[in-house]
Every structure is written in C-alpha cells, then in structure tokens.
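Here are some short exercises to work through with the model open beside you. Try each task before you read its solution.

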Amino acid sequence: MCGIVAYIGKRDVTPILIEGLKRLDYRGYDSAGLVIARDGKLTLRKSAGRIASLESKLDHSLDGSTIGVAHTRWATHGAPTDINAHPHTDQSGRIALVHNGIIENYRTLTRYLESEGVQVESETDTEVLAKLVGHFYEGCLEDAVRKALREVRGTFGIAAISAEEPDKLVAARRGSPLILGIGKEEFLIASDAAAIIQHTANVIYLEDNEVLVVDRDGYKTTNLDATPVTKEVEAIEWTLEQIELGGFSHFMRKEIYEQPEALRTCLRGRLDMDEARVQLGGLAHVARELIKAKRIILTGCGTAWHAALIGEYLIEELARIPCEVEYSSEFRYRNPIVEDGTVLISISQSGETIDTLAALREAKNKGAMALGVVNSVGSTIARETDAGVYLHVGPEIGVASTKAFVGQVTVLAMIAAFLGRRSHLSPAACDQYLRTLATVPDVIEKTLVLDEQCREIAAEYADAGNWLYLGRGLQYPIALEGALKLKEISYIHAEGLPAAEMKHGPIALISEDMPVVILAPRGHWYEKVIGNIEEVRSRGGRVIVVATEGDTEVAKLAEHVLFVPEIDELLAPLVTVVPLQMLAYHAAVLRGCDVDKPRNLAKAVTVE
Ligand code: M6R
C-alpha cells in the first residue's frame, strides 16, 4: 500500500528519496511523487505508474536540495493518475503533503473548504487535508497540521513541508505507521523501516495521534494538543542484506529458501529440552492468567487466518482450551461475545493489517486479554497487544506470504505446548513434541529438493483455468493456503476444500481439465484421503498428491506425487505447505506474472 519517505540532512535529497521509494516498492503502489524545498520554493514531480516513470521527470533543477518528501500511492479515492498522485499542495502551493490512510469525512471537509472559497482539484481525500492545513496556516506548519488533524476522521500517516519554513518536516500518524530514523546529522521519516535501514538502525515509532517535528537541529514529538511526548529510541533488528535479492530471481523464491534458517531463528532459545518446556519471554508476565483462559479466539486475514486454523487445532489438542478462528474483518463488525477468560490472539506478519488491528481493539474494549503473533517488531499490533511472541523470521518482501506463514504456525505450535505443558500435556509427550518441532527446519530443508519437480508439474498445468486443493484435518488449512498462493500470484482460479466436502457439490467440477492437489501425508486421515483420491481419479481429475516419502501405494493412484519427509502429523503442515508454495511460484513465473508484486495486491493492507 502507500509508502512515505522523507529526509532532512546534509546530503542531496532526491537520490535518497528515490532509493527510499524503491525500497518500499514491494508494498504495492500505482503512482509516485516527491517534493523538495530549495531557495524558498517547493518543486514537485508526480507520475502515475512505476517509480521509473517518476524518475524520467526528474531534472537538475532538483539538485542540491537537502530536504524533501516522497510517496508511493495505492489508489483508494480516485484513479492512479498524475493529478491524484501525492504530494498534494495547499491553495497557495507553498505547503505540500503526502498521506497514507483514508480521510473518512473528506466530503464534509471539502464542502467546508468550498464554502470558504477553497477549490479541491483532484479526486483524492489527501488533497482535502493539504488544503485544510493551508487553511489553518498562520506561519507555523506544526500548528496548522495539528488544527487540521483535529478535524479529521479516519486514518493517516502524513509528512508535510512548507516553503515558508524550508528547514522543517512535520509528520503525524493515526492508524498508519510512521517511524523516524535518526542518523548522523540527518533524519528520515518513513512508513516502513525498509526505506531507511541503509541509513540508520536507530528509530522512534510514532503512536496514534502523535505529531513529529524535525528540523536541522533535532526533533520533538507531541500529541495533537501540543503536549510534549517523550519517545524511546529503539534499534531495528533487520539488516540491509535481508531486504535485497542476493542472487535470487524473486523475493518469494528467496523467502521460500530462507524458511529453514528463518525457523531456526524463530525457535532459537525457546525450546527448553531439559525441562520439556517452551520458554516464551513475551508471555511470561501473563502466563498465570493465560492458563486460566476459558476460550481463545484466533484472528487474522488471508494467510494469517490459515495459520490460525492450524493454531486452533494445536491449542485444542495440546492444551484442551476451546478455540475459535475468526476473520478479523468479520469479528470487528459483528458484536462478538467476549466473556471473562477470553483471550484473543492476533496473527499478522506486518502487524499493521487494519482489520486485524480493529479486531484487536474491539476485543480489548470488551475486556479480552490480547496476544500478538507478529513478525514486524514495533508494529502497531505488537505494541497494542498485552503480550506476544515475535516470529523473528526476518523481513518478508514478497507479497505472497511464505516464511511468515511457517513462522506463524511455528509460534502457534510453541504457544500450544507452552499452555499444554502447564495443564494437560505430560513432560514425556511434550518432550517428544518439542524434539519433533526442533527438527522442522532440517525437514523443510530436505523438502526444498522438490523445487524442480514442482516446476515440471506447474509447466504441465499452468494453462488450466481452475485448480482444486483438498486436505483433511490439519491439512485442510494447507489446502486453503496452497489455493491462495496460486490465485494471488498466478491469477489462476483455485479453491481449497476439506476433502470430505467434495461430495456435497464441488465434485461436479471434476473433469480432465481440472488439476486437483491432494494432501495425503501419513496420519490418521490417511485412509479417508485415499478414498477422496479415488473419487477424483474415477471422474477423470488430474491428481497431484503430496505424500510421505516411501508411500508406494499412493504413487499408484496419482499422476504426480510430491514426496515429503516423514514427520509427526501435528507438525506436518509446516512441511507439506512447501511444495505448494513452489507450485504456485513456478506457475506464476511460467505465466509471466509479476511474482513479488501481483496485480491489485499490497503487502500490508492498511486501509479497509
Ligand atoms: O500482514 P498480515 O499477516 O496481517 O497480512 C494478512 C494478509 O493480508 C496476508 O497474509 C495475505 O493474505 C498474503 N498476501 C497471502 O500471501
């Protein structure tokens, strides 16, 4: 979604802004723009399309400025055109502003501005905010921004600059992330650490309704009433190498291959084999209350919701606490029942997904304890939850979530044992489970050899218009995840189903044009799934099975078998998902799709 990067310091600003925008490219956008200040005036450049198109509009008149603001826009209000691209200016053209989020009352504000003789030219909600800041401007940008923001309903992360105060940047947030990077004699403001990591690792995170003012001597933070707020400087733990391709053709491919190492980091220091326990520092202070939970609600969107389905299964199995899984977007709007003893677990890679954040706030308002299972350190969900466990799988750049998914499942697997060991799970059973969990990175490593076979299968079926994915029990969420991966990056229609549901309708779809991916690792659903394979085969479907190494029986029934190493069925989803990620990846590449930046999608969905 939209991205912000702003700079004030001693270096030429334009290359820094362009480099920052390119680092935010992965989030998804459809236009870009920037503004610099020099010699008492602002110079703007904006363009629909890619950053390269903006670059083609840059010239030497921008050289030599050391302060500026840039933006990538993901259209919400108004088409992706030059005029709708950010920055937007006020009525004098002397103030420019970029904005992430949505101004919900922009129509009311437009009517007000028009009654005051101010015309809004673009179709965007952002221009209204720029004009409102101009309307309140009386020589102090931060005061005007505060006044304008007090009138606004909705979400924003903004950065503003005025030609009248050319050595100052003003930023603010509500519901849309912003950080300040503190470098040597320079400052950067960004909506994502990726834009500034090459310059500094020292940051402060803005909270909702905080305003940041940065000039050449330093920075200050206040709330919307101008009351000073003291912020702590924190260190970003990600490195520049982690957000670069490092020889891989795509980030998705790199991230699939990073999964073994990512999970080693995720598990490091958390499995206490001597005591057959899980040590989760982020939950220690709430552990007593947590084990008294009467009900756990797991929420997330997309891939995180699939991880939640596996978490539900594992927590119920190991800790015997009743669980429910809810789409965050549904939970937030349906007046959910939250009784005493309800714990909400918010699952999110980015920690910024607006629906998951809203669901978390709703549950907290109703008295639930809220836990986070989040990858982005310092993100809004991580900070608003009462306790939580970070994934520590490193930054995920590809829009299709891969290593974050296995990280989410691994953390939920640890939470299940953390709770289980304090109630129903015997030391011996827990010991065995944790020993298996510790082997998962190596097992995934072995599974990566399926890459070439997945490419061949994808090549055979890349032209099929529809695919089905079937699984039972713990493999059902993997069927959903495999289908989601395929559709989001290759634009092939795909559906994931519990295998037993086939007979209730979807079986009518089976024909020889239909590839059907069936998850059939050994386990207590195995015999039943074999029955489902027969059903598909006898109707001419093209069967691709994911099975346990050495299973010669299943090989006789399928056109293709992807053999994965044997592992306990509770943890098998972490392994069976890998060939499905690879199938989707290769299908997308073969179809010429933009794997890391699929159409219409954004990495973090920060607007509704
Ligand atoms: O950042 P989050 O984990 O909250 O994101 C949730 C979904 O938007 C995300 O998992 C999405 O479904 C992925 N693109 C799937 O690959």
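A polar contact here is a pair of N or O atoms within 3.5 Å; within protein, one must be able to donate a hydrogen and the other to accept it, and residues adjacent in sequence count only if both atoms are side-chain atoms. The model is predicted, so local features need pLDDT of at least 70 and side-chain atom pairs pLDDT 80 or more, while totals for chains, interfaces and linings use all residues. Residues are numbered from 1 along each chain as its sequence is written, and side-chain values use heavy atoms, with hydrogens and water left out.

**Exercise 1. Find the polar contacts of the ligand with Ser348, Gln349 and Val399.**

Step 1. Start with the oxygen atoms: a polar backbone atom of Gln349 is 2.6 Å from one oxygen atom of the ligand. For Ser348, a polar side-chain atom lies 2.6 Å from an oxygen atom of the ligand.

Step 2. Turn to nitrogen: a polar backbone atom of Val399 is 3.0 Å from a nitrogen atom of the ligand. On its own the ligand has 420 Å² of accessible area, and the protein covers 91% of that (Shrake-Rupley method, 1.4 Å probe).

**Exercise 2. Describe the shell around the ligand and say where the ligand lies.**

Step 1. Count the neighbours: 15 residues surround the ligand, and the closest include Thr353 and Glu488 (a heavy atom within 4 Å counts as near).

Step 2. Sort them by class: 8 are polar, 5 nonpolar and 2 charged. In this scheme Ala, Val, Leu, Ile, Met, Phe, Trp, Tyr, Cys and Pro are nonpolar, Asp, Glu, Lys and Arg charged, and the others, Gly among them, polar.

Step 3. Look at the helices (DSSP runs of H or I, at least four residues). Both α9 (303-319) and α16 (476-490) supply at least two shell residues, and the largest share, 3 residues, is from α16.

Step 4. Domain 2 (244-425) and domain 3 (449-590) both contribute to the shell, so the ligand lies between them; the bounds come from an automatic or database domain assignment.

**Exercise 3. Which backbone feature does Arg320 have?**

Step 1. Recall that most residues other than glycine have a negative phi.

Step 2. Arg320 has a positive phi of about 55°.
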